Amino acid sequence: MMTRILVSSAIAVSLVFATGARAHDDKNPVKKEERKAKGHAAALGKPGDPLKVTRSVEVEMNDTMRFRPDSIQVKRGETIRFLARNTGKVKHEMVLGTIGELKKHAELMRKFPEMEHADPNQISVDPGMTGELVWQFSKEGTFDFACLVPGHFEAGMVGKVRVSR
């Protein structure tokens with residue numbers, strides 16, 4: 001009888017942990033790179049396939065509220081692996097989009113500063129760490145990227161991606 005109770009308890013506990021781990025996992029079971037771009041990201045392309053990266057671009061994020069480089073040249077169709085390196089002491093983000101949509105998103109972030117993202121067009125990076133963002137630029141034009149941590153966008157933490165033929 002005691003053995004049956006222990007086995008039943010062990011099964012119940014394992015089910016709780018299994019479902020709890022899934023609840024904290026990415027809510028979209030589709031691979032990040034297979035998702036379609038929505039909102040401000042749709043204007044410039046789609047999540048890239050990490051196995052089809054054309055080249056890597058290192059982008060430094062720092063506490064002077066700047067990206068280095070703050071201007072990046074890309075050819076239409078390229079899949080870029082952004083290596084976003086946070087050399088600062090506070091969290092930073094790199095979010096791809098149009099300036100209008102980034103401004104709206106920055107306002108929302110000011111109202112809800114603890115909001116977490118899981119969008120394929122952005123990466124949040126803790127101090128001293130490097131994050132990776134893979135994006136395929138399928139449309140020509142000049143697009144933007146910014147840090148949407150409250151106050152960073154307003155302090156000028158923005159950059160440009162110029163996509164040409």
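Partly exposed, as used here, means a relative accessible area between the under 20% of buried residues and the over 50% of exposed ones. By that yardstick Lys160, at 31%, is partly exposed. Welcome to a quick tour of this predicted model, whose chain holds 2 helices and 10 strands. The stops are the overall build, three salt bridges and the surroundings of one cysteine.

**Overall build**
- Following the sequence, you meet the elements in the order α-β-β-β-β-β-β-α-β-β-β-β.
- The chain has 165 residues, and 36% of them count as buried.
- Among contacts with a separation of 6 or more, 75% are between residues 24 or more positions apart.
- The chain's accessible surface is about 9,800 Å², and carbon and sulfur atoms make up 57% of that.

**Salt bridges**
- Searching the whole structure turns up 8 salt bridges, including the three pairs described here.
- Lys160 pairs with Asp144, with 2.7 Å between the closest N and O atoms.
- This pair links distant parts of the chain, since Lys160 sits in strand β10 and Asp144 in strand β9, 16 residues apart.
- Asp144 has a relative accessibility of 6%, so this residue counts as buried, while its partner Lys160 is partly exposed.
- Glu78 and Arg55 form another salt bridge, their closest N and O atoms lying 2.8 Å apart.
- Here Glu78 belongs to the loop between β4 (71-75) and β5 (79-86), and Arg55 to strand β2 (residues 55-62), with 23 residues separating the two in this link between distant parts of the chain.
- Glu78 is buried at 11% relative accessible area, whereas Arg55 is partly exposed at 31%.
- Arg165 bonds with Glu140 in a salt bridge whose closest N and O atoms are 3.2 Å apart.
- Because Arg165 lies in the segment after β10 and Glu140 in the loop between β8 (130-137) and β9, this pair ties together parts 25 residues apart in sequence.
- Arg165 is exposed, with 71% relative accessible area, and Glu140 is partly exposed, with 38%.
- Arg76, Glu140 and Arg165 are joined into one network by salt bridges that share partners.

**Around Cys147**
- You will find Cys147 in the loop between β9 (141-146) and β10 (158-164).
- With a relative accessible area of 0%, Cys147 is buried.
- Leaving aside residues up to four places away in sequence, Cys147 touches Phe67, His92, Glu93, His152, Phe153 and Met157.
- Lys91 is 56 residues from Cys147 along the chain, and their C-alpha atoms are separated by 9.5 Å.

Conventions: Residues are numbered from 1 along each chain as its sequence is written. This is a predicted model: local features need pLDDT of at least 70, side-chain atom pairs count only at pLDDT 80 or more; totals for chains, interfaces and linings use all residues. Side-chain values use heavy atoms; hydrogens and water are left out. Helices (H or I, at least four residues) and strands (E, at least two) are DSSP runs, numbered from the N terminus. Buried means under 20% relative accessible area, exposed over 50%, partly exposed in between (1.4 Å probe, protein chains only). Contact means heavy atoms within 4.5 Å. Accessible areas come from the Shrake-Rupley method with a 1.4 Å probe; for residues, only the protein chains shown count as cover. A salt bridge is a side-chain nitrogen of Lys or Arg within 4 Å of a carboxyl oxygen of Asp or Glu.
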